[in-house]
Amino acid sequence: MKIEKIAKIVGGQDGAIYGSELFRFNTKGECWVYNLEELKSDSEQELKAFSQFALDKKEQIVPHSNSVCFGSEFYEDGDEYPLLYTNVYNNYAKAEDKMIGVCLVYRIQKTCDGFKSTLVQLIKIDFCEDENLWKASEKEHGVRPYGNFVVDNQTNSYWAFVMRDEKLGTRYFRFDLPSVKEGEIDPVLKIKKVVLSKNDIKESFDCEYHRFIQGAIVYGGKIYSTEGFRNDTVNRPAIRIINLSTKKEEYIDIMNLGFLDEPECIDFYNGTCFYSDYSGTLYKVEF
C-alpha cells in the first residue's frame, strides 16, 4: 500500500466526487468545490476552490456532514448532478433535535454565479432506540448512536452503520434505497420523509468495533470507511475496507504509516482512491 500527499484543500469533514469535481463539506454545512483535473504531481500544490455554497436549512438542522456521497437518481430530468446524501450526525450541534439515525437528501444545481442546494428528502431509521438492533446499552467509550450512511449505486442499496460498543462492535444494515419521490411530508421541514423500520432491513451483519467513524464511500462492492482521531494511539487514524459480498474486512492502520491527522473525506476519481484529513491535506492511495 502507498499513500502519497498530492495537494492541499480546505479542511473539514467528508466530501464527495462527481465527474472531476470534489465537494468538500465542513461541520456547518458549508461546501467548497474543486476541479480535480487541476491536480498535478506536486505535493505542495494548493488546490483552489472554484465555488462555495451552503446546504439548504443548515441553520435549522446543523448537519455535521460526517458521511457524504452522490447517488445515481436525479431529482429532475436534465439535472447536471444526481442527488447528494449526507448524514446529520449532529451530536456536536446546538440544535434541539439531534436527528439520530437521519440522512438528508439534497438537489444540487449550478447557477449563473455558483451552486445552490435544495433539501428534498429526509431518511430516518426508526429503531435507533432498540438495544437489540442499533443502540448499545453501555454508555461508556463515547458510543455514538447517530449512524453513518452510504449509497451503493450499483445495487441501489442504502447502507446504514453504527458504532455500538467495543463488545458488540459496529453493525451494518442494508435497505433498498428510497426514491426521492417516496415519503410523507414532514410537518417541520416541509419535505418528504421516509421512515425505515426493522421490517425494511434486507440484511445486516457485524464487524469489529470502528473507533469513531468518519467519512465513507461504496466503490466496487466494498465500503471504504475512515475512522479515528488525530494522533490518538487508542482511536487510531485508519481506513477500513468492508467487502459487501464476503463481509470480510481489512483494517489499514495509517498511523503506523506516519499519517497522524484525523482522516475524513474519502472517494474515488478515475479509479483511484483519494482521502483528505481534517486539516485539508489531500492524499492519493494505492492499495
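**An open sheet, a buried asparagine and two pockets**

In this predicted model, six strands form an open sheet in which the order is β6-β7-β8-β9-β14-β13 and the pairing is mixed. The edges of this sheet are taken by β6, which covers residues 68-70, and by β13, which covers residues 184-185; each of them has a single partner strand, so one side of each is left without a neighbour in the sheet. For β6, the strand alongside is β7, made up of residues 84-87, and the two run antiparallel and are joined by 3 bridges. Within this pairing, Val68 has Thr86 of β7 as its bridge partner.

Asn148 belongs to strand β10, which spans residues 148-152. Its relative accessibility is 0%, and Asn148 therefore counts as buried, since the term applies to residues under 20%. The side chain of Asn148 makes a polar contact of 3.0 Å with the side chain of Asn87. When residues up to four places away in sequence are left aside, Asn148 touches Asn66, Ser67, Asn87, Tyr89, Trp159, Ala160, Phe161, Ile213 and Gln214. Asn87 thus appears both in this list of contacts and in the polar contact just described.

The empty space in the model was also examined. Rolling a probe the size of a water molecule over the atoms shows where such space is left. The largest pocket has a volume of about 340 Å³, and its lining consists of 21 residues, among which Asn153, Ile217, Val218, Tyr219 and Asp267 lie nearest the centre. Two or more residues of this lining come from each of the elements β2 (15-18), β6, β10, β16 (213-219) and β20 (263-269). The edge strand β6 and the strand that holds Asn148 are therefore both among the elements that contribute to the lining of the largest pocket in this way, while the lining as a whole is divided by class into 11 nonpolar, 8 polar and 2 charged residues.

The second largest pocket contains about 220 Å³ of space. It is lined by 13 residues, and those closest to its centre are Asp97, Met99, Leu122, Asp186 and Leu189. At least two residues of this lining are supplied by α1 (58-61), and at least two by β9 (114-125), the latter being one of the strands in the open sheet. By class, the lining of the second largest pocket comprises 7 nonpolar residues, 1 polar residue and 5 charged residues.

Key: Residues are numbered from 1 along each chain as its sequence is written. This is a predicted model: local features need pLDDT of at least 70, side-chain atom pairs count only at pLDDT 80 or more; totals for chains, interfaces and linings use all residues. Side-chain values use heavy atoms; hydrogens and water are left out. Two strands pair if DSSP finds at least two bridges between them. Helices (H or I, at least four residues) and strands (E, at least two) are DSSP runs, numbered from the N terminus. Buried means under 20% relative accessible area, exposed over 50%, partly exposed in between (1.4 Å probe, protein chains only). A polar contact is a pair of N or O atoms within 3.5 Å; within protein, one must be able to donate a hydrogen and the other to accept it, and residues adjacent in sequence count only if both atoms are side-chain atoms. Contact means heavy atoms within 4.5 Å. On a 1 Å grid over the protein atoms alone, a cavity is a set of points where a 1.4 Å probe fits but cannot get out, and a pocket is an open set with protein on both sides within 12 Å along at least five of seven lines; lining residues have an atom within 4 Å of a point. Grid points are joined across faces, edges and corners, and a volume is the space filled by probe spheres set on the points. Ala, Val, Leu, Ile, Met, Phe, Trp, Tyr, Cys and Pro count as nonpolar, Asp, Glu, Lys and Arg as charged, and the others, Gly among them, as polar.
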